[in-house]
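Biologist: Hi, I'm new to this one. Could you put it up and walk me through it?

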Amino acid sequence: MAAGDKSTVVAGAPMVAEIAARHADEAESARRLSPQVVEAVREAGFARHFVPRAHGGEAGGFAEVTSAVGLVGKGCTSAAWAASLAAYGGRNAAFLPGEAQAEIWADGPDVLLASALVPSGKAEPVAGGWRLSGEWKYISGVHFADWALACAPVPAEHPEAPVNPDGRPEVRFFAVPKADFAIVDSWFTVGMRGTGSDTLLLSDVFVPEHRTLRRSAVHAGWAPASGTDCHIVPMHAVNALPFAAPLVGAARGALRAWIARTGSRVDRRGQAVGEKPSTQIALARSAAEVDAAELLILRTAAVADGTECPPEGEAAVRGARDLSLAVELLVSAVDRVFRAGGTSGQSSSDPVQRFWRDVNSAASHVALSFETTGAAYGAWALGGGEGAGTVR
């Protein structure tokens, strides 16, 4: 990409946002994205963003996809969530052995992968590979995924299953094509309805050895078939980034919709609501919180890209702290304008309440808990770890 050019996803994101906004009500009622939105996400290049160049992908940067996901979120949070996870699904698959990569991307780099990141199910070693069975809940994008990466613990007696220092068995990812998995309709939620995060079901599926990888390799940023920068970033640097990025766009979409409606509102005395100092201050505070959150999120992406370097030792704990705090700021921003909208703002036809439900629902993701990430940062800083004296 030439200097000054937009990346594929950044250039295509506004069109995805526009299409997704038009189909947002449909996504809410169907509890999954429309085919038009899915194809828009694919055509904009999200699926290929982190795919190795050897398979026609972009091997792109974290800041680019973070900005692009934020743009999509202005139209529909669920579409932004799908776009983000489509990109990171490709990155996860880049850790697989070369033979598996060639199989997944045999027909091109625009393959959509759903990732089941929480260990579940049962993996049994057999000749040439594994037999995999079980259920994996809350798998966003599973309905339109071409492949799924399912995470499962490996039996301790298997020679390829070293026990981790904490005593738990090794966990592996298993790549499974769409033809081999079923979906259980289980996604009935108050927010993020359009993500279609239903349950992935596998029943005695054979997975050849070359289509598996140790989860520890992803955590460490060890991609034996790729030495590209975006594939050697350890998990701690980007773990919550795909989940935080969509919420920046959602918050901006909420503010945009709230401003449009507030501009025409009058109170019971006939005074224009937008002329009240309390209204103006509420908007200013929320807008500032969104800006601050975006800066924290983009800084985390910059660290992952290597364009910013935190003090020695702080990198492992600062990014997760920043992302969880950013999400708290986004929740605060959207909560404020939702409350300021009064009863009329709670209409099911008002997009602000949809953004409000989406942001609050997504903020409950376990990776975005400030109690966890804040405790880790505090323990590091107060424990006298190397670099603690340079906390900024």
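**Strands, cores and spaces**

Modeller: Let's start with one pair of residues: Trp136 has Leu200 as its bridge partner in S7. Keep in mind that this is a predicted model.

Biologist: OK, and how do S3 and S7 pair, parallel or antiparallel?

Modeller: Antiparallel, over eight bridges, with S3 covering residues 129-139 and S7 covering residues 198-208. S7 also pairs with strand S6, residues 182-184, in the antiparallel sense over three bridges.

Biologist: Which residue in S7 is the bridge partner of Val184?

Modeller: That's Thr199.

Biologist: What about S1 and S4, which way do they run?

Modeller: Those two run parallel, and four bridges join S1 (residues 113-116) to S4 (residues 147-153). One link to look for is Ser115, whose bridge partner in S4 is Leu149.

Biologist: And where do the side chains of S1 point?

Modeller: Leu113 and Ser115 point one way, Ala114 and Ala116 point the other way, and all are buried. In general, side chains in a regular strand alternate between the two faces of the sheet.

Biologist: Let me switch to the inside. How many residues are in the largest nonpolar core?

Modeller: There are 74, and the ones with the most contacts inside this core are Leu33, Phe46, Phe62, Leu241, Ile297 and Leu330. Several helices each supply at least two residues of this core, including H1 (8-22), H3 (35-43), H4 (62-73) and H8 (241-262). H8 gives the largest share, twelve residues.

Biologist: Say I click on Ile297. What is Ile297 in contact with?

Modeller: Setting aside neighbours within four places in sequence, Ile297 is in contact with Thr66, Leu241, Ala244, Val248, Leu323, Ala326 and Leu330. Apart from this core lies another one of 20 residues, among them Ala116, Leu132, Ala148 and Leu202.

Biologist: Now the empty spaces. How many cavities of 30 Å³ or more does a search of the whole structure find?

Modeller: Two. The largest has a volume of about 80 Å³, and the second largest about 50 Å³.

Biologist: Which residues line the largest cavity?

Modeller: Ala237, Arg299, Thr300, Val303, Pro310, Ala315, Arg318, Gly319 and Asp322. Helices H9 (277-305) and H10 (315-340) each supply at least two residues of that lining, and H10 gives the largest share, four residues. By type, the lining divides into four nonpolar, two polar and three charged.

Biologist: And what lines the second largest cavity?

Modeller: Ala24, Ala27, Glu28, Cys76, Thr77, Ser78, Gly194, Arg354 and Asp358. Helices H2 (24-30), H5 (77-93) and H11 (351-362) are the elements that give two or more residues to this lining. H2 gives the most, with three residues. Here the split is three nonpolar, three polar and three charged.

Biologist: Pockets next. What's the volume of the second largest pocket?

Modeller: About 260 Å³. Its lining has 15 residues, and Arg53, Ala59, Gly60, Gly61 and Glu64 lie nearest its centre. The elements giving two or more residues to that lining are H4 and H9. The residues of the lining divide into six nonpolar, four polar and five charged.

Biologist: Back to single residues. Where is the place of Pro109?

Modeller: Pro109 is in the loop between helix H6 (98-104) and S1.

Biologist: Buried or exposed?

Modeller: Pro109 has a relative accessible area of 9%, so Pro109 is buried, as the cut-off for buried is under 20%. Not counting residues up to four places away in sequence, Pro109 touches Ala47, Arg48, Val51, His55, Gly56 and Gly57. Take His55: Pro109 and His55 are 54 residues apart in sequence and 6.1 Å apart in space, C-alpha to C-alpha.

Biologist: One last stop, Ala217. Which helix is Ala217 in?

Modeller: Ala217 is in H7, residues 215-220.

Biologist: And why does Ala217 count as buried?

Modeller: Because its relative accessibility is 10%, and buried means under 20%. Leaving aside neighbours within four places in sequence, Ala217 is in contact with Phe95 and Trp222.

Biologist: How far apart are Ala217 and Gly75?

Modeller: They are 142 residues apart in sequence and 35 Å apart in space, C-alpha to C-alpha.

Terms used
Residues are numbered from 1 along each chain as its sequence is written. This is a predicted model: local features need pLDDT of at least 70, side-chain atom pairs count only at pLDDT 80 or more; totals for chains, interfaces and linings use all residues. Side-chain values use heavy atoms; hydrogens and water are left out. On a 1 Å grid over the protein atoms alone, a cavity is a set of points where a 1.4 Å probe fits but cannot get out, and a pocket is an open set with protein on both sides within 12 Å along at least five of seven lines; lining residues have an atom within 4 Å of a point. Grid points are joined across faces, edges and corners, and a volume is the space filled by probe spheres set on the points. Ala, Val, Leu, Ile, Met, Phe, Trp, Tyr, Cys and Pro count as nonpolar, Asp, Glu, Lys and Arg as charged, and the others, Gly among them, as polar. A nonpolar core is a set of buried Ala, Val, Leu, Ile, Met, Phe, Trp, Tyr and Cys residues joined through side-chain atoms within 4.5 Å. Buried means under 20% relative accessible area, exposed over 50%, partly exposed in between (1.4 Å probe, protein chains only). Contact means heavy atoms within 4.5 Å. Two strands pair if DSSP finds at least two bridges between them.
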